[in-house]
Amino acid sequence: MQIGRLGKYYFRRLQRLKGDPIALAGGFAIGVFIGFTPTMPLHTVAIIIATLATRTSTIAGILSSWVVCNPLTYFPIYYFSLVIGNAVTPYHLNWVKIKTTLDLLLTSESISQSMKLVMGLGCETIVVMLVGGIILALPFTIMSFYLSLKFFITVKQKRAQKQILN
């Protein structure tokens, strides 16, 4: 599938979401935040829990996570999480270990196998990657909330105008 066509597909899916623009934008931001954190085998579960807890849109969260964390962005997200995590924590990891584990995660056949791989990394690795991922995710999350809020408000206004004209 072509990248441009896939982008249009996700854009249309977001346009068709119905609901309160704040709830949709909140779900979108949660999906971006979790998509930027290096918790790949748990993205969907974490998004469902977070969106239910905050009463925001689960579908918007899952869609935005797929847009943010995909085969084109896995490696940059994990790499920058590693660099930032190494800079702000007392631990130091090398990229080879993370890349090898990421390659294994991408080919794992079950979530239990993925979890075993993640748990085998060790506490220092998990701390470095999570801290780096959270710091990396924060500016994108804030920006995505406000941009998606504007987007969803515009979509809602266009729908209202269309209904008035019909």
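## A tour of the helices

Start with H2 in this predicted model. Of its 16 residues, 13 are buried, so H2 is largely enclosed by the rest of the structure. Select residues 21–36 to display H2. From the first C-alpha to the last, H2 reaches 22 Å, close to the 22 Å expected at 1.5 Å a residue.

Next, select residues 74–88, which form helix H5. This helix has 15 residues, which should span 21 Å at 1.5 Å a residue; the C-alpha atoms at its ends are 21 Å apart, so the two values agree.

Within H5, pick out Tyr74, Ile77, Tyr78, Ser81, Leu82, Gly85 and Asn86, the buried residues of this helix. They cover an arc of only 155 degrees around the axis, which means that they lie on the same side of H5.

Keep those residues shown and add what covers them. The cover includes H2, already selected, together with helix H4 (58–68), helix H6 (95–107) and helix H8 (123–165).

Now keep H4 and add helix H1, residues 3–15. The axes of H1 and H4 come within 11 Å and cross at roughly 160 degrees. Angles over 145 degrees count as roughly antiparallel, and H1 and H4 are therefore roughly antiparallel to each other. Their crossing is left-handed. To see the contact, show the side chains of Tyr10, Arg13 and Leu14 on H1, and those of Leu63, Trp66 and Val67 on H4.

Notes:
Residues numbered from 1 in each chain as written. Predicted model: local features only at pLDDT ≥ 70, side-chain atom pairs only at ≥ 80, totals over all residues. Heavy atoms only, no water. Helix = DSSP H or I, 4+ residues; strand = E, 2+ residues; numbered from the N terminus. Expected span 1.5 Å × (residues − 1). Buried < 20%, exposed > 50% of the residue type's maximum accessible area, 1.4 Å probe, protein only. Arc of directions from axis to C-beta. Contact = heavy atoms within 4.5 Å. Axes fitted to C-alpha atoms, helices over the stretch in contact; angles between N-to-C directions. Parallel < 35°, antiparallel > 145°, perpendicular 65-115°, else oblique. Left-handed = near helix turned anticlockwise from the far one by under 90°.
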